[in-house]
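Ready for some practice at reading a protein model? Take a look at the sequence and the structure, then work through the exercises at your own pace.

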Amino acid sequence: MPGMTTSDKNFHYVYVLESALDGKRYIGMTSNLRQRFQQHQAGKSFATAARRPLSLIYYEAGRSYVDAKNREKYFKTTAGRRSLAKRLRDYVGRRNPKLS
């Protein structure tokens with residue numbers, strides 16, 4: 001995760017978490033990636049509380065809230081999930097060679 005500097009406050013992040021418990025992924029968006037990840041790890045998010053521990057496996061940063069929101073929506077579509085799978089091909093291959 002990037003270190004927080006004053007200029008980082010203007011960034012919006014789209015991120016993907018993966019559960020070590022069941023391997024399922026969660027896609028979200030935030031303006032403070034470090035804080036949001038800690039909230040997920042602490043069980044403060046209903047959507048991921050039962051699937052802890054989680055790993056941050058991917059994120060994108062941008063200056064526009066609207067662009068980040070649209071990117072999050074895209075990643076939650078079938079085409080977006082396929083796009084993510086292509087981007088994460090090396091990660092998945094190293095984690096589970098049968099899936100690559």
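Three exercises with worked solutions follow.

This is a predicted model, in which local features need pLDDT of at least 70, side-chain atom pairs count only at pLDDT 80 or more, and totals for chains, interfaces and linings use all residues. Residues are numbered from 1 along each chain as its sequence is written, and side-chain values use heavy atoms, with hydrogens and water left out.

**Exercise 1. List the elements of the protein in order from the N terminus.**

Step 1. Find the helices (DSSP runs of H or I, at least four residues) and strands (runs of E, at least two), numbered from the N terminus. The protein has 4 helices and 3 strands.

Step 2. Read them off in order: β-β-α-β-α-α-α.

**Exercise 2. Work out which residues of helix α2 are buried, and what covers them.**

Step 1. Apply the cut-offs: buried is under 20% relative accessible area, exposed is over 50%, and partly exposed is in between, using a 1.4 Å probe and protein chains only. In α2, residues 65–75, this picks out Ala68, Glu72 and Phe75 as buried.

Step 2. Look down the axis. These residues lie on the same side of α2 because they cover an arc of only 65 degrees (taken from the directions from the helix axis to the C-beta atoms). The face turned away from that side carries the exposed Val66, Asp67 and Lys73.

Step 3. Look for the cover, which includes β1 (12–19), β2 (25–30), β3 (54–62) and α3 (78–87).

Step 4. Place Ala68 and Phe75 in the largest nonpolar core, which has 11 residues, also including Val14, Ile27 and Leu84. Such a core is a set of buried Ala, Val, Leu, Ile, Met, Phe, Trp, Tyr and Cys residues joined through side-chain atoms within 4.5 Å. The elements giving two or more residues to this core are β1, β2, β3 and α2.

**Exercise 3. Trace the salt-bridge partners of Glu72.**

Step 1. Search for a side-chain nitrogen of Lys or Arg within 4 Å of a carboxyl oxygen of Asp or Glu. Lys69 meets Glu72 at 3.2 Å, N to O, and Lys76 meets Glu72 at 3.2 Å, N to O.

Step 2. Check the spacing: Lys69 and Glu72 are 3 residues apart in α2, about one turn of the helix.

Step 3. Compare accessibility. Glu72 is buried at 8%, whereas Lys69 is partly exposed at 31% and Lys76 is partly exposed at 43%.

Step 4. Join the pairs: Lys69, Glu72 and Lys76 form one network through shared partners.

Definitions and conventions: Contact = heavy atoms within 4.5 Å.
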